[in-house]
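Colleague: Could you take me through this model and tell me the reasoning behind the labels you use?
Modeller: Gladly, ask away.

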Amino acid sequence: MSSNSFAYSEQSGGGEATELGQEATSTISPSGAFGLFSSDLKKNEDLKQMLESNKDSAKLDAMKRIVGMIAKGKNASELFPAVVKNVASKNIEIKKLVYVYLVRYAEEQQDLALLSISTFQRALKDPNQLIRASALRVLSSIRVPIIVPIMMLAIKEASADLSPYVRKNAAHAIQKLYSLDPEQKEMLIEVIDKLLKDKSTLVAGSVVMAFEEVCPDRIDLIHKNYRKLCNLLVDVEEWGQVVIIHMLTRYARTQFVSPWKEEDGLEDDEKNFYDSDDDQKEKTDKRKKSYTMDPDHRLLIRNTKPLLQSRNAAVVMAVAQLYWHISPKSEVGIISKSLVRLLRSNREVQYIVLQNIATMSIQRKGMFEPYLKSFYVRSTDPTMIKTLKLEILTNLANEANISTLLREFQTYVKSQDKEFAAATIQTIGRCATNISEVTDTCLNGLVCLLSNRDEIVVAESVVVIKKLLQMQPAQHGEIIKHMAKLLDSITVPVARASILWLIGENCERVPKIAPDVLRKMAKGFTNEDDLVKLQILNLGAKLYLTNSKQTKLLTQYILNLGKYDQNYDIRDRTRFIRQLIVPNEKSGALSKYAKKIFLAQKPAPLLESPFKDRDHFQLGTLSHTLNTKATGYLELSNWPEVAPDPSVRNVEVIELAKEWTPAGKAKKENPAKKFYSESEEEEDSSDSSSDSDSESGSASGEQEEEGDSSDDSSEDSSSEHKSDSESASEVENKRTAKRNSKSKRKRDSEDGENENEKSKTSDSSNADSSSIEESSSDSESESESESESESRKVTKEKEKKTKQNINPLTKDVSLLDLDDFNPVYTPVVLPTPALSPSLIADLEGLNLSTTSSVITVSTPVFVPVKTHVLLHRMSGKGLAAHYFFPRQPCIFGDKMVSVQITLNNTTDRKIENIHIGGKRLPIGMQMHVFNTIESLEPEGSITVSMGIDFCDSTQTASFQLCTKDDCFNVNIQPPVGELLLPVAMSEKDFKKEQGMLTGMNETSTVIIAAPQNFTPSVILQKVVNVANVGVVPSGQDHIHRFAAKTVHSGSLMLVTVELKEGSTAQLIINTEKTVIGSVLLRELKPVLSQG
């Protein structure tokens, strides 16, 4: 058995075989079949050990096995704590697998998923763009309403990220957040508006998809980005191309006038055949002059044309529908060749393409006539493809090609696929009605099919012949006689009913046959299908009215049979006919008109294509495929009579400049650009300033914009020589600044007409200015002579203006950063090149970063699942409430403790308007309440979040929990351990801080317990269960250290457990908050002492 298992392991994959082999060698005996049949408990213990290993290879193997378990449908949720610890791993492969695991268990285990929120928030600021994007993707996949504010904040930050990959993921997250909480729509629209201005092709498709999901009616957001999207379209990825093309199709139908008016007018003129040539020419000229295609309309059509050669079928289909819906009719023909090319794809693609071709071929046959043979049916085609090809061939049939098509159809009728053969017979019938020249030929062919051995073919032929005979019944008495003879052999109900209907309609033309048919039908009336019975009743009524001598008794017999039939339709029809045709005292006025009612001339059926009415759906959509409006379908609007103002799209160049000029944006963009090159940094700052000049048109505006956009980029280089040069040339700077601003505005306004030329010019000029700046930075104070070159002066003036504006703008930028939800670390400046060695030495002694590096909030080591009763169901009249502390940073305030409250409705009625009423809080204590819950269904449950600032005390927060009818007094008293946030620090920092918190800031006690209670794992478990503290690495086995800070004041709380000889240990707590320290000591002592 073991050898077989080993062979199976080798075949199933090298990695898995190795893992199983290692596991077997280390943990299971050979008789254990290499661990395949070991208990899940042992396997999971093994995985936990591997996840806690110091080796990345072991962790990676463990994560691969865990993801494999998930793929096989096994439950791996109990490994959550062990997996979460590895979110902070530096190995990207491990992180990716951890993210996969968390997305899997986030929704069904929300409490566990919330443990990792703070970790993801930190990962959103990771230097690696892949980590930032993955963290955002996982965060947006956690479908927990209480983290909506965190998700909103993360999306806003990611939308301003330097990496287009992260911005792309931000666009994806917008849709997820909107589906979770539609109330965030307005804030999300702001982010979409910002991302629509993004120049990256990576972002374009994703943000347009978010636009279509969240606010498809906000066309005004597209105006200023329309031309950019058209120009970027070729370079966007295929998925994005499809989305953008569909959106631009809708946009074009609302912003441009119909290009079809010209052709419609010309068609009307062509109908006036007898008009004189001069009149015709005048009208044509007027039509042509009245319509001129908008350049933006032409831009869209021109830029999508190359995509018809795309390898992606969806892109080709999207361009085809765009041409169909918005291009002039004379230009639509170019899509036919591309669509026919797609018929070489797989059957699913063929099905969709053929459906769209079927719709197009109804209106414009000429488009696909050259490719007629491409629609011939192949024996390998599935039935659905065959049927669609038949539909298209029918639409393309005309006098010229009908003979070829009929020969083709003759072969199809012999097909073994009976459904296809039946569809072919219907196709022949449609061709016969559409083309009068071949009607007789088709009818004769269908009559020949009546002798076919296949009953389905015969039945379908009868139905089609019936429809054809309705058009010209007088000429085909022989065919009706022939069909009457078939009643003995045909058993298909529809065919039998069709024959009976034909005989009834033409009973006066076949007076000898009709009564005999009725006699035969009366014999087997009870055994017939309901459809046939109804036609027998109709036949009897018609013969009673036209030939009552022969059929009077027979009809009464049939009516008596129908009177007691099981089907109520037949019973109703029998009563109706009896009252109508058999005269008696109770007969109404209608009896006189019975013959006119039954034997009235009936209109011939209209054989139409099932695709005739599908053209009101946009081609290529699900609604078009299903022929019904699908959820989320956006209808194409009708062309406007008068085109809206086209100038709204002329702001593109200015809008692109605006994207770079806000201070918040500049602060984020420039530090990263500094990483690459100084010339790029200079280029961006000068680009943004030159664009803003053309918009503002004032020297002061120019100074503001330039100083703003180049704040970070020029601060380092300019701070070194600012004091020397500013005082010496202040007056000269002002004069030159005015002169340069005027000339620069003039130059920019000229350059603005051509965007490409402008970018090239700015590239070269800014690269030159960058090199000049580097070479002249040391000697700038002595270089104010008139012999310098003009370009050098301009460069210097830019530097001076930037320096003058640095101080006031720094404050503005910080405020804008806060409004823009930027990371806290964004405004940090690295001024090392501008500091003298002596100043650096002085600053090193201050070491300003020590505190911030020590007090870094980390992920909770453990979150107890214990809940506390807030309101008992008896006291709350059926409303029960419990609360617990999730041990995560509060989203409502950094000084608040996060509290989650679960409300349960234990009654059988709806509880309405649940909210927080009056508060009775101690002085200084604050509370952020949850939003009002409109209603809670019977047996329903909902979890909400609150934030309470306990001011670092264990005082009770008292308030009222109210419903529509009652208010209940409730209290929340926090355990002292929940007033802390875990802190990550090194052992060195711990000892340093502990040395500063001695004397009155230190409390200690001796603990006596059994030796087995002093193992590292037991001590860790007991301490973190009581208090939300972080573990500090220790180089000594007998000393265990834990660190935290208070939520309100941020004071450090240092806990040390030092094991002594025997069964004793010393518990030491160092903190400025001596009261909290004493309470925590009292709570920890009994926990550590008990067994």
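Colleague: Let's begin with the strands. In which sense do β5 and β7 pair, and over how many bridges?
Modeller: This is a predicted model, and in it strand β5 (residues 926-928) pairs with β7 in the antiparallel sense over three bridges. Within that pairing, H928 stands opposite G947 in β7.

Colleague: What makes β3 and β7 count as paired strands?
Modeller: At least two bridges are needed for a pair, and eight bridges join strand β3 (residues 897-905) to strand β7 (residues 941-949). These two strands run antiparallel. Here N904 stands opposite S941 in β7.

Colleague: On to the rings. How many aromatic pairs are there in the whole structure?
Modeller: A search finds 10 aromatic pairs.

Colleague: Why is the pair of W260 and W639 called edge-to-face?
Modeller: Ring centres have to lie within 6.5 Å to pair, and planes over 60 degrees apart count as edge-to-face. The centres of W260 and W639 are 5.7 Å apart and the planes stand at 80°, so the pair is edge-to-face.

Colleague: Why do you say that this pair ties together parts that are apart in sequence?
Modeller: W260 belongs to helix α17 (residues 260-271), while W639 is in the loop between α35 (622-626) and α36 (652-660), so the parts tied together are 379 residues apart in sequence.

Colleague: Are W260 and W639 buried or exposed, and how do you know?
Modeller: Buried means under 20% relative accessible area. W260 has 19%, so W260 counts as buried. W639 has 12%, so W639 is buried too.

Colleague: What kind of aromatic pair do Y883 and F885 form?
Modeller: Y883 and F885 form an edge-to-face pair, with 5.8 Å centre to centre and 85° between the planes. Both Y883 and F885 are buried.

Colleague: Which residues form an aromatic cluster with Y226?
Modeller: Y251 and F256 form one aromatic cluster with Y226. Y226 also has a charged partner: R649 lies over the face of Y226, at 5.7 Å from the ring centre.

Colleague: How do you know that K466 lies over the face of W501?
Modeller: The distance has to be within 6 Å of the ring centre, and the charge also has to be within 35 degrees of the ring normal. K466 is at 4.9 Å from the ring centre of W501 and lies over its face.

Colleague: Now the cysteines. What makes C962 and C967 a disulfide?
Modeller: The sulfur atoms must be within 2.5 Å, and for C962 and C967 the S to S distance is 2.4 Å. By this rule the count comes to one disulfide.

Colleague: Why is the disulfide of C962 and C967 called right-handed?
Modeller: The torsion about its S-S bond is about 110°, so the disulfide is right-handed.

Colleague: Which of the labels buried and partly exposed goes with C962, and which with C967?
Modeller: C962 has 2% relative accessibility and counts as buried. C967, with a relative accessible area of 44%, is partly exposed.

Colleague: Last, helix α33. How do you know that its span agrees with what is expected?
Modeller: At 1.5 Å a residue, the 14 residues of α33 (residues 568-581) should span 20 Å, and the end C-alpha atoms are 20 Å apart, so the two agree.

Colleague: Which residues in α33 are buried, and why do you place them on the same side?
Modeller: I570, T574, I577, L580 and I581 are buried. They cover an arc of only 140° around the axis, so they lie on the same side of α33.

Note on methods
Residues are numbered from 1 along each chain as its sequence is written. This is a predicted model: local features need pLDDT of at least 70, side-chain atom pairs count only at pLDDT 80 or more; totals for chains, interfaces and linings use all residues. Side-chain values use heavy atoms; hydrogens and water are left out. Rings of Phe, Tyr and Trp (its six-membered ring) pair if their centres lie within 6.5 Å; planes under 30 degrees apart count as stacked, over 60 as edge-to-face and the rest as tilted. Helices (H or I, at least four residues) and strands (E, at least two) are DSSP runs, numbered from the N terminus. Buried means under 20% relative accessible area, exposed over 50%, partly exposed in between (1.4 Å probe, protein chains only). The expected span of a helix is 1.5 Å times one less than its number of residues. The arc is that of the directions from the helix axis to the C-beta atoms.
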